[in-house]
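Reader: I'd like to set up a calculation around the metal-and-ligand pocket of this one. Could you walk me through that part closely, in plain talk?

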Amino acid sequence: MTQKEYINSNQERFLNELLDWLRIPSISADPAYKNDVHKAAEFVAEKLRIAGADNVSLEQTAGYPIVYGEKMVDPSKPTVLVYGHYDVQPSVPDELWITPAFEPSIRDGNIYARGACDDKGQAFMHVKAFETMMATDTLACNVKFMIEGEEEVGSTNLGIYVGANKEKLAADVVLISDTGMIANNIPSIDTGLRGLSYVEVEVTGPNIDLHSGTYGGAVANPINVLCDMISSLHDENRHITIPGFYDNVEEVSPEDRAEMAKTPFSLDEYKSELDVNDVMGEAGYSTIERTGIRPTLDVNGIWGGYIGEGAKTVLPSKAYAKISMRLVPNQKSQDISDLFKNHFESIAPKSVKVKVSLHHGGEAAVTPTDSKAYRAASKAMEATFGKKPIPTRGGGSIPIVALFEEVLGLKTVLMGFGLDSDAIHSPNEKYGIFNFNKGIETIPYFFKYFAE
Ligand code: BES
Ligand code: MN
Ligand code: MN
């Protein structure tokens with residue numbers, strides 16, 4: 001049987017297996033789902049075993065296990081380390097889902113479920129592509145799988161595992177499908193990921209909530225103050241005002257910017273898809289540049305005071321915000337977090353107290369386009385899409401990618417099949433069945449071309 005015949009005759013089963021995996025709510029951020037996260041690990045380990053992987057194991061960490069499996073066909077062939085993650089983001093706000101997040105439903109050729117695209121749907125393509133290559137006796141490279149359960153919470157334990165298992169993980173390249181492409185008829189390959197600094201701030205005014213009539217106007221309102229402080233973090237050009245923030249930012253050459261400007265992109269479609277009348281961002285940069293090559297600062301959540309029914313007059317004691325900064329090459333996550341903390345503390349008026357705590361972070365990564373692995377991915381996508389993929393810079397973060405390079409000396413290829421419209425991390429996350437099948441079809445070509 002050829003690969004194509006095998007895939008065609010098993011397509012329905014592949015999809016149904018994915019739906020079973022998606023039914024397991026493997027939310028790594030919420031300890032209430034601990035058992036389910038473990039179940040999701042066992043599920044994919046079992047699928048790897050059935051497909052023919054050797055030495056499949058749940059590698060224990062201080063957190064969730066790393067699913068490992070391998071097939072070494074020939075020591076003279078290159079080795080591909082496939083990385084993915086089986087954990088997913090929380091599904092809240094659940095009331096905005098048309099069908100429940102963990103009851104996968106198919107509409108208009110799309111699979112709707114939390115994790116459908118990020119990353120169970122994409123990681124599962126690799127498992128099924130591997131099964132296909134094994135069943136048709138066409139596996140052209142050695143392969144090692146590493147599917148973790150803590151990507152959405154920062155991959156701290158994976159970082160430790162990688163450092164302690166350098167020999168076991170020795171390979172020639174890392175292959176990841178956990179990013180997107182421009183459109184189903186415009187294939188692309190991400191050549192960069194942004195880094196991340198994530199902080200939480202607490203602003204305290206008076207020691208208890210006060211009557212806003214008795215005290216309002218005379219005592220600092222921490223929510224008012226927090227809003228002032230946050231708004232001072234950008235200037236009128238939407239530059240970030242933290243001193244030193246841009247010091248190490250990699251300036252992209254005019255040639256590379258001209259190249260980026262050729263990326264197919266319609267600002268009108270972008271705006272209408274998001275239902276916004278205009279975009280907003282750093283002066284002097286296009287939308288693609290703002291998400292691809294420039295650092296940003298965003299409030300992810302802000303709370304405090306009275307948010308119940310009706311009106312309660314109160315001058316709150318505390319206000320909070322969670323703030324993330326997306327970083328570009330050469331900005332160090334720890335340094336940026338420290339800069340933020342110092343700056344935020346320094347701009348606080350004497351009338352409040354400020355506490356800044358640091359959450360997980362990660363470094364940016366750029367992946368080369370002049371490598372054998374990139375060319376193999378490019379040729380693979382060209383073989384199945386009929387078009388050469390365009391290199392693009394992705395805006396998201398996969399912190400472990402920088403560590404693969406630093407610790408294992410490995411470059412990564414980001415051969416993702418998602419779309420921006422797949423609503424990852426949002427309600428009604430989806431993944432196209434077209435994309436799922438395309439991935440399964442394309443991955444074996446990567447192995448074939450990388451082995452040549
Ligand atoms: N798969 C995403 C990263 C991504 C999405 C890259 C879209 C490129 C395009 C990943 O699962 C993710 O969500 N990462 C987090 C970082 C993590 C430390 C929580 C992110 O980017 O917010
Ligand atoms: Mn992901
Ligand atoms: Mn994610």
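Author: Here's a tour of the metal site, then the ligand beside it, then some backbone details. Keep in mind that this is a predicted model.

Start with the two manganese ions. Ligand 2 and ligand 3 are both manganese, and they sit 3.6 Å apart with D118 coordinating the two of them. So what else holds each ion?

For the manganese ion that is ligand 2, the protein donors are NE2 of H85, an OD atom of D118 and two OD atoms of D178, at 2.0 to 2.3 Å. Angles among its six donor atoms run from 57 to 167 degrees, and the site is irregular. Along the chain, the donor residues follow the pattern H-x32-D-x59-D. H85 belongs to strand β3 (residues 79–85) while D118 is in the loop between β5 and α3, so this pair ties together parts that are 33 residues apart in sequence.

The manganese ion that is ligand 3 takes an OD atom from D118, two OE atoms from E152 and NE2 from H425, with distances of 2.1 to 2.6 Å. Why is this arrangement irregular? Its six donor atoms subtend angles of 55 to 154 degrees, and that spread is what makes it so. For reference, ideal angles for six octahedral donors are 90 or 180 degrees. The donor residues are spaced D-x33-E-x272-H here. That long stretch has a consequence: D118 is in the loop between β5 (110–112) and α3 (120–135), and H425 is in the loop between β16 (412–414) and β17 (430–432), so the two tie together parts that are 307 residues apart in sequence.

Now for ligand 1. Its shell holds 16 residues, and E151, D178, R326, S397 and H425 come nearest. Some of the metal donors turn up again in its polar contacts. A side-chain N or O atom of D118 is 3.0 Å from an oxygen of ligand 1. With D178, the partner is a nitrogen atom of the ligand, 2.8 Å from a side-chain N or O. H425 also puts a polar side-chain atom 2.8 Å from a ligand oxygen. On its own, ligand 1 would expose 520 Å², and the protein buries 87% of that area.

What is the shell made of? It breaks down into five nonpolar, six polar and five charged residues. As for where the ligand sits, domain 1 (3–193 + 364–451) and domain 2 (195–249 + 295–362) both supply shell residues, so ligand 1 lies between the two domains.

A few backbone details are worth checking before you start. The peptide bond from D118 to D119 is cis, with omega near 0 degrees, and D119 lies in the loop between β5 and α3. D118 is also the residue that bridges the two manganese ions, so to speak of the metal site is to speak of this cis bond's first residue too. Another cis peptide bond joins V92 and P93, with omega about -5 degrees; P93 is in the loop between β3 and β4 (105–107). Finally, D108, in the loop between β4 and β5, has a positive phi near 50 degrees. Most residues other than glycine have a negative phi, and most peptide bonds are trans.

Key: Residues numbered from 1 in each chain as written. Chains lettered and ligands numbered in written order. Predicted model: local features only at pLDDT ≥ 70, side-chain atom pairs only at ≥ 80, totals over all residues. Heavy atoms only, no water. Near = heavy atom within 4 Å. Polar contact = N/O pair within 3.5 Å; in protein donor to acceptor, adjacent residues only side chain to side chain. Areas by Shrake-Rupley, 256 points an atom, 1.4 Å probe, with all protein chains shown as cover. Nonpolar A, V, L, I, M, F, W, Y, C, P; charged D, E, K, R; others polar. Domains from an automatic or database assignment. Donors = N, O, S within 2.8 Å, 3.2 Å for Na, K, Ca; no water. Tetrahedral: all angles 85-135°; square planar, octahedral: opposite > 155°, others 65-115°. Helix = DSSP H or I, 4+ residues; strand = E, 2+ residues; numbered from the N terminus.
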